[in-house]
Amino acid sequence: MNILEVHNVSKSFKGVRAVDGVSLGLRQGDNLAIVGESGSGKTTLAKMIMGLITPDEGVIKAGRGTLQMVFQDPVGSLDPLWNVRSILKEALWHNRTLSGRQIEEKMASMLTKVGLSSGILGRFPHEFSGGERQRIAIARCLLACPRVLLLDEAVSALDTLVQKQITDLLKTLKQDLGLTYIFISHNLRLVRRFSDKIAVMHQGKIVEQGLMPAVLEAPQHPYTRQLLQAAFYTHL
Ligand SMILES: Nc1ncnc2c1ncn2[C@@H]1O[C@H](COP(=O)(O)OP(=O)(O)OP(=O)(O)O)[C@@H](O)[C@H]1O
Ligand SMILES: [Mg+2]
C-alpha cells in the first residue's frame, strides 16, 4: 500500500507549466530524492503534495495529518513574532499528555540533536543565521513526528559538517520511527549517500525515476546524464 500517491499532476503559472503530468508513489520507509535544475518544478510539486497549492489537473492521495515539510526558505516559514520556544512547542501540540517539564526537555534535546544550543529557546528567528534557522525548522518538523517528511533543500545552506550531522540524524530517525522521506536537493553527491530512490525533474516533468544505484549507474535520459556529468565530472 502506498503512503502517498501522485497521479498525473500539473500546475501552470501564467501559462508556464511548472509541473507537467507528474506521477509518483511512495511506500512507507521510502527515501526518494527529487533532483533537477533550478526552476524544474520541485518546490511546486512539494507544495502541491502538502496541499499548499491546488493542482490544475491530477490527483494526490495522502494520509491526513501525516505530512510535514521543511521549506527551502526558512525565513518565510518561521513566524518572526514567535520565539524558538513557541515555534517548537506548537509542533508538540498533538502530544497532550506531556508535562511542561517534559516539553522543555524534548525541545532542548531536539535542539542539541540538530547541533544547536538548548539555551536559544528564548530567541527570535531574526537573531539567527540562515543555517541556524534551517536547523530550527528541521527541529520543529521532527518534533511534530510526521510519517512523511518533505525536505526541500533542507540542508543545502549548511556547511558540509552540519549537513552530515543532520542527514545522519535523519537516517537514524527514519530507521527508528519508520519514516518516509522526500528529499529535494540540487546536490547529487549528497542524495547519492542519503536516498534509496531518485526522481529526475526537467521542465516540470519527471524524466526518469528508479532505484538510486540503477539510475546513477545506467541513466536512460540524456538530461540525467548531463546532471551526472556536471555533478561528478565523469564521462558516461
Ligand atoms: N507562485 C508562482 N508564481 C509564478 N511562477 C511561479 C510560482 N512558483 C513557481 N513559479 C515558476 O514555476 C517554475 C518552477 O518553480 P519551482 O519553485 O517549483 O522550481 P524548483 O525546481 O523548486 O527550483 P529551485 O531549485 O530553484 O528551488 C519556475 O519557472 C518558477 O518561476
Ligand atoms: Mg525549489
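**Group meeting: the magnesium site and its surroundings**

Let's start at the metal. Thr43, through OG1, and Gln72, through OE1, coordinate the magnesium ion, ligand 2, at 2.0 to 2.3 Å. Thr43 sits in helix α1, while Gln72 sits in the loop between β5 (67-70) and α2 (74-77), so the pair ties together parts that are 29 residues apart in sequence. Keep in mind that this is a predicted model.

How buried or exposed are these two residues? Thr43 has a relative accessible area of 24%, which makes Thr43 partly exposed. Gln72 is partly exposed as well, at 41% relative accessibility. The cut-off for buried is under 20%.

Now ligand 1. Which residues surround it? The N-terminal part of the list is Phe13 and Ala18. Then comes a run: Glu37, Ser38, Gly39, Ser40, Gly41, Lys42, Thr43 and Thr44. Gln72 and His186 complete the shell. So Thr43 and Gln72 appear twice in this talk: they surround ligand 1, and they coordinate the magnesium ion.

What is the make-up of that shell? Count 2 nonpolar residues, 8 polar and 2 charged. Helix α1, residues 42-49, gives the largest share, with 3 residues.

Next, the contacts to oxygen atoms of ligand 1. From Gly41, a backbone N or O atom lies at 3.0 Å. From Thr43, a polar side-chain atom lies at 2.8 Å. From Thr44, a side-chain N or O atom lies at 2.6 Å. How much of ligand 1 does the protein cover? On its own, ligand 1 has 630 Å² of accessible area, and the protein covers 61% of that.

Let's step back to the whole chain. How many helices and strands are there? The chain has 9 helices and 9 strands. Its radius of gyration is 18 Å, close to the 18 Å from the globule rule for 236 residues, so the chain is as compact as a globular protein of that length. Along the principal axes, the C-alpha atoms fill a box of roughly 55 × 40 × 35 Å. Of the 236 residues, 48% are buried.

One last stop, in helix α9. That helix spans residues 222-232 and holds Thr224. Is Thr224 buried or exposed? Thr224 is buried, at 3% relative accessible area. The side chain of Thr224 makes a polar contact of 2.8 Å with the side chain of Glu208.

To recap: Thr43 and Gln72 hold the magnesium ion between helix α1 and a loop. Gly41, for its part, reaches ligand 1 through the backbone.

Technical notes. Residues numbered from 1 in each chain as written. Chains lettered and ligands numbered in written order. Predicted model: local features only at pLDDT ≥ 70, side-chain atom pairs only at ≥ 80, totals over all residues. Heavy atoms only, no water. Near = heavy atom within 4 Å. Polar contact = N/O pair within 3.5 Å; in protein donor to acceptor, adjacent residues only side chain to side chain. Areas by Shrake-Rupley, 256 points an atom, 1.4 Å probe, with all protein chains shown as cover. Helix = DSSP H or I, 4+ residues; strand = E, 2+ residues; numbered from the N terminus. Nonpolar A, V, L, I, M, F, W, Y, C, P; charged D, E, K, R; others polar. Donors = N, O, S within 2.8 Å, 3.2 Å for Na, K, Ca; no water. Buried < 20%, exposed > 50% of the residue type's maximum accessible area, 1.4 Å probe, protein only. Rg over C-alpha atoms; globule rule 2.2 N^0.38 Å.
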